[in-house]
Amino acid sequence: MATALCPGSFDPVTNGHLDIIERTSRYFDEVIVAVIRNPQKSEALFTLEERQEMLREVTAHLDNVSVGSFKGLLVEFAKEHRADAIVKGLRAVSDFDYELQMAQMNQNLTGIDTFFISTNPKYSFLASSLVREVARFGGDVSSMVPAVVMKRLVERFGEPRS
Ligand code: PNS
């Protein structure tokens with residue numbers, strides 16, 4: 001049994017995240033989506049509970065995927081859940097420096113390896129921070145997030161203007 005972690009802030013989950021989670025679920029027996037409790041980013045939009053609820057709804061069709069949360073070090077969560085690997089999506093070269101540094105730090109801390117999956121090019125511009133900003137100012141992000149996320153964004157900010 002091989003277990004993978006897909007970690008992140010997921011504020012909110014985007015179609016790009018979902019694509020990575022779906023593809024990871026094909027290669028591992030079990031996948032745990034690990035949601036960080038307090039994202040470093042100052043302007044969190046959704047609470048931990050909301051972020052987890054949305055993730056559970058959008059991954060309901062994937063039998064081997066569950067959703068958990070952590071605070072502190074990701075490698076501690078990985079040890080507690082006997083995870084074998086961390087899986088991350090890489091959108092562009094600009095992601096690579098920081099992701100490589102984190103992968104090497106995590107490997108150094110407990111020996112856990114990180115696998116990278118290339119993001120589908122149709123999602124390579126997508127980031128939760130941009131989705132939050134565009135939605136906040138009335139832009140239409142309906143093609144970028146799952147329908148359940150769009151519904152919550154409309155509840156927060158109203159129907160998109162564009
Ligand atoms: O979606 P994000 O915000 O890009 O996710 C980043 C996240 C949560 C995966 C990363 O910040 C993380 O793993 N934080 C946990 C703290 C930790 O373990 N730090 C050491 C990693 S080198």
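This report walks through the fold of a predicted protein model and then visits some of its residues.

## The overall fold

Let us begin with the whole chain. The secondary structure of this predicted model comes to six helices and five strands. If you follow the sequence from its start, the pattern reads β-α-β-α-β-α-β-α-β-α-α. Strands and helices take turns along most of that pattern, and it ends with two helices in a row.

How does the radius of gyration of the protein agree with that of a compact globule? A compact globule of 162 residues would have a radius of gyration near 15 Å, and the protein has 15 Å, so the two agree. Along the principal axes, the C-alpha atoms fill a box of roughly 50 × 30 × 30 Å.

## Inside and outside

Of the 162 residues in the protein, 49% are buried. The contacts tell you how the chain folds back on itself: taking those with a separation of 6 or more, 74% are between residues 24 or more positions apart.

On the outside, the accessible surface comes to about 9000 Å². Carbon and sulfur atoms hold 51% of that surface. As for charge, there are 22 negative side chains and 18 positive ones. The centres of these two sets lie 3 Å apart.

## Two aromatic pairs

A search of the whole structure turns up two aromatic pairs. In one of them, the ring centres of F28 and F115 are 6.2 Å apart and the ring planes meet at 75°, which is over the 60 degrees needed, so this pair is edge-to-face. Which parts of the chain does the pair of F28 and F115 tie together? F28 sits in the loop between helix 1 (15-27) and strand 2 (30-36), while F115 belongs to strand 5 (residues 113-118), so the pair ties together parts that are 87 residues apart in sequence. The partners also have their own degrees of cover: F28 has a relative accessible area of 15% and is buried, whereas F115, at 44%, counts as partly exposed.

The other pair is made by F70 and F77. Their ring centres are 5.7 Å apart and their planes stand at 45°, so the pair is tilted. Are F70 and F77 buried or exposed? F70 is buried at 8% relative accessibility, and F77 is buried too, with a relative accessible area of 6%.

## Helix 2 and E50

Now look at helix 2 (residues 48-58), where E50 has its place. The buried residues of this helix are L48, E50, R51, Q52, M54, L55 and V58. What do they pack against? Their partners are helix 1, strand 2, strand 3 (65-70) and helix 6 (147-157).

E50 itself touches L45, R152 and R156, leaving aside residues up to four places away in sequence. To get a feel for distances in the model, compare its place with that of Q101: the two are 51 residues apart in sequence, and their C-alpha atoms are 30 Å apart in space.

## Helix 4 and E99

Another glutamate to visit is E99, which lies in helix 4 (residues 93-110). With 14% relative accessibility, E99 counts as buried, since the cut-off for buried is under 20%. Apart from residues up to four places away in sequence, E99 touches K88, L90 and F116.

## Backbone details to look for

Most residues other than glycine have a negative phi, and most peptide bonds are trans. The loop between strand 1 (3-8) and helix 1 is a good place to look with that in mind, as P12 lies there. D11 and P12 are joined by a cis peptide bond, with omega about 0°. F10 lies in that loop as well, and its phi is positive, near 50°. At 4% relative accessibility, F10 is buried.

Where else can you find a positive phi in a residue other than glycine? R82 has one, with phi near 50°. R82 is placed in the loop between helix 3 (74-80) and strand 4 (85-90). While F10 is buried, R82 is exposed, with a relative accessible area of 70%.

Conventions:
Residues are numbered from 1 along each chain as its sequence is written. This is a predicted model: local features need pLDDT of at least 70, side-chain atom pairs count only at pLDDT 80 or more; totals for chains, interfaces and linings use all residues. Side-chain values use heavy atoms; hydrogens and water are left out. Helices (H or I, at least four residues) and strands (E, at least two) are DSSP runs, numbered from the N terminus. Contact means heavy atoms within 4.5 Å. The radius of gyration is taken over C-alpha atoms; the globule rule is 2.2 Å times the number of residues to the power 0.38. Buried means under 20% relative accessible area, exposed over 50%, partly exposed in between (1.4 Å probe, protein chains only). Accessible areas come from the Shrake-Rupley method with a 1.4 Å probe; for residues, only the protein chains shown count as cover. Lys and Arg count as positive and Asp and Glu as negative; His and the chain ends are not counted. The place of a charge is taken as NZ of Lys, CZ of Arg, CG of Asp or CD of Glu. Rings of Phe, Tyr and Trp (its six-membered ring) pair if their centres lie within 6.5 Å; planes under 30 degrees apart count as stacked, over 60 as edge-to-face and the rest as tilted.
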